[in-house]
Amino acid sequence: MMKDTKKIVILGLFLALAIILNIVENVSFAFFVIPGVKLGLANISTIFILYYFGYKEMFLINVTRVVLANLITGLLFSIPFTIAFFSSVTSMLLLYFIYRSNKISIYGISMIQAVLFNTMQIIIVCLLYQSNVFIFYLPYLIFSGIATGYLVALSAKYLVRLIDKIY
């Protein structure tokens, strides 16, 4: 019973952290030279949950984060929400098969997830706007996904070690 309570508390805390980081990042990190490029700070929670609890919990927390962050900011069911939601869900579904192989490190998983998310964003934007012109933006998003995915994994790995020491 205590173990279930501990799991729920940790998942709730990391969901709250992910929501806060998502909202803060959307408001404050608009200074990048390439529009739409973000650090992906909320993914620190996502990758941590993946490695500390598993895929099912990561999927649930990530979808909940996208919905609640957009609800809080008043963007629920807007175009940015649609892009984020479907990019998140499809990239996580694709990530499932890669994660199951158990052959890729936390760094590889994080970078692949970021690249998948960015790629899905471009595909969804192309579909929404019925234009392929956005494809030319993909190399920038792939490069930024690799870089930010590495930084996210570094932070998540630190959190895993920290939580293991505490509990």
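Which residues form one aromatic cluster with Phe14? In this predicted model, the partners of Phe14 in the cluster are Phe48, Tyr52 and Phe53. Two of these names, Phe48 and Tyr52, will come up again below, where helix H2 meets helix H6.

Aromatic pairs are a good place to begin a tour of the structure, and the count comes to 13. A pair of aromatic rings is described by the distance of the centres and the angle of the planes. One of the pairs joins Tyr51 and Tyr99, with 6.1 Å from centre to centre and 90° between the planes, an edge-to-face arrangement. Tyr51 belongs to helix H2 (residues 43–52) and Tyr99 to helix H4 (residues 79–100), so this pair ties together parts that lie 48 residues apart in sequence. Tyr51 has a relative accessibility of 32%, a value between the 20% and 50% limits, and therefore counts as partly exposed.

Helix H2 also packs against another helix. Two packed helices are described by the angle between their axes and the distance between the axes. For H2 and helix H6 (residues 138–166), the axes come within 8 Å and cross at roughly 50°, which means that H2 is oblique to H6. The crossing of H2 with H6 is right-handed.

On the H2 side, the contact is made by Asn43, Ile44, Ile47, Phe48 and Tyr52. Facing them in H6 are Val152, Ser155, Ala156, Leu159, Val160, Ile163 and Asp164. Sorted by character, the residues of this contact comprise nine nonpolar, two polar and one charged. Phe48 and Tyr52 thus appear both in the contact with H6 and in the aromatic cluster with Phe14 and Phe53.

Notes:
Residues numbered from 1 in each chain as written. Predicted model: local features only at pLDDT ≥ 70, side-chain atom pairs only at ≥ 80, totals over all residues. Heavy atoms only, no water. Phe/Tyr/Trp six-rings, centres within 6.5 Å; stacked < 30°, edge-to-face > 60°. Helix = DSSP H or I, 4+ residues; strand = E, 2+ residues; numbered from the N terminus. Buried < 20%, exposed > 50% of the residue type's maximum accessible area, 1.4 Å probe, protein only. Axes fitted to C-alpha atoms, helices over the stretch in contact; angles between N-to-C directions. Parallel < 35°, antiparallel > 145°, perpendicular 65-115°, else oblique. Left-handed = near helix turned anticlockwise from the far one by under 90°. Contact = heavy atoms within 4.5 Å. Nonpolar A, V, L, I, M, F, W, Y, C, P; charged D, E, K, R; others polar.
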